[in-house]
Amino acid sequence: MIWLMVRAGAQAGTVVLLARSLGAQVYGEFITALAVASFFVPLASMGLQAIVLREGAADPGRLPVLLMRALRIWRIGWAVATLLAALAGWAFLPRPTNAALFVLLCAGEIGAGSLVELLGRVQQARQHPQRFGQLLAGLSLARLAALGALLALHELTLESWILAYVSSSMAYATLVLRQAPRRAVDTTSLEHTDRQLVHLGLPFVSGAIAFRIQAEFNKPVLARLGYSLAGNFSVAQRAVDVANLPLVALQEALWPRVFASEDPRGRIFRSGSAIMALALIGGALLAICAPLLPRLLGAGYAEAASLLALLAWLPAVQVLRGLSNALLMAERRFDVLLRVYVFGTASAILTNLALILAYHLSGAVIAAYANEALVIGFQLLLARRPSRLSHS
């Protein structure tokens, strides 16, 4: 929990300093490019971070070979994901950043983000949630340090920040990889081939991409109407994300215990009730603090205050969906999960396109809640049906 709070502080500091220094227009341009790159972060590891967590928590002796196989697949996935992100940016961004810088941003965001998470899941599977938190916090701190250096040198521009962001991210990811405990293992000792491992990870990579699209697809759509709109919405959403990190930390600490429990449903209900109560308290605090945003960031972010007040209750809805997802994972209802993720992706794209183009910023808020409600409803509907697939 402590390290997730450190991560929250580092992310909050980065958002405040960057948004104040660049202004809503330029900040919106950066955050929109980053949003497009972030869609493809889960694709690099092909969902194997979830396989490492689930199987490693159940049988720690399998972790070394699982990690080696996952890293082998990750190298290919990183290249493919970077290429797809570059193509998506060319297709969706209204006025892309310098093409070479955008590709570099995609490579850095996808490579560092996916690699650090994969290595962190190994620690989480070993029942070391504090180490998992340390790894994630370190990435945010490295980026904040790079931003601080640019501000101290009075060299902060969009271009210099992208270079610093990528350099600090990749340097940190490389350091974490070098320090990861690895030993010679027989990578053929698993009963699954690489192709089969990728197939097992498909529901998880689909889910992670679905979550990214649901959270970030609004940025490219808003950018079509103006980068300042994307900047304002992003600031409000980042405030919600930072406040949501303690809830994420509690859920991350809960998952290995749920997967190892003989009564996952009871464990989720007992612990989930407490997490939901904290989410509601946090939402009330966010709504109360919302008017402070323009004072903190400047007049260019006046619209962010009302957006934050409206989005304050979104974490509670997301907790409900996260707990439901965990139960389906524990019960190995991957047939339901995969269809829910596909539905959620399509729903996010359609609701954001329709509502944002019609109602602009208000539409983005409505779309955020509407999509969560649609996905939860669809998930409950499918979960009531008996499983048609058997997974081991």
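The legends below describe an overall view and several close-ups of a predicted model.

**Figure 1. Overall view of the predicted protein.** The fold contains 15 helices and zero strands. Along the principal axes, the C-alpha atoms occupy a box of roughly 55 × 45 × 40 Å. The radius of gyration is 20 Å, which agrees with the value near 21 Å for a compact globule of 392 residues. Of the 392 residues, 55% are buried. Of the contacts between residues at least 6 apart in sequence, 83% connect residues at least 24 apart.

**Figure 2. Close-up of the aromatic pair Phe-39 and Phe-217.** The protein has seven aromatic pairs. In this one, the rings of Phe-39 and Phe-217 are tilted, at 6.5 Å centre to centre with 35° between the planes. Phe-39 sits in the loop between helix H1 (2–38) and helix H2 (41–45), and Phe-217 in the loop between helix H8 (194–216) and helix H9 (218–225), so the pair ties together parts that are 178 residues apart in sequence. Both Phe-39 and Phe-217 are buried.

**Figure 3. Close-up of the stacked pair Trp-74 and Trp-78.** The ring centres of Trp-74 and Trp-78 are 5.1 Å apart, and the angle between the planes is 20°. Both residues belong to helix H4 (residues 63–92); they are four residues apart, which means a separation of about one helical turn. Trp-74 has a relative accessible area of 7% and is therefore buried, whereas Trp-78, at 24%, is partly exposed. The cut-off for buried is under 20%.

**Figure 4. Close-up of an aromatic cluster.** Phe-30, Trp-161 and Tyr-165 are joined into a cluster by ring pairs.

Notes. Residues are numbered from 1 along each chain as its sequence is written. This is a predicted model: local features need pLDDT of at least 70, side-chain atom pairs count only at pLDDT 80 or more; totals for chains, interfaces and linings use all residues. Side-chain values use heavy atoms; hydrogens and water are left out. Rings of Phe, Tyr and Trp (its six-membered ring) pair if their centres lie within 6.5 Å; planes under 30 degrees apart count as stacked, over 60 as edge-to-face and the rest as tilted. Helices (H or I, at least four residues) and strands (E, at least two) are DSSP runs, numbered from the N terminus. Buried means under 20% relative accessible area, exposed over 50%, partly exposed in between (1.4 Å probe, protein chains only). The radius of gyration is taken over C-alpha atoms; the globule rule is 2.2 Å times the number of residues to the power 0.38. Contact means heavy atoms within 4.5 Å.
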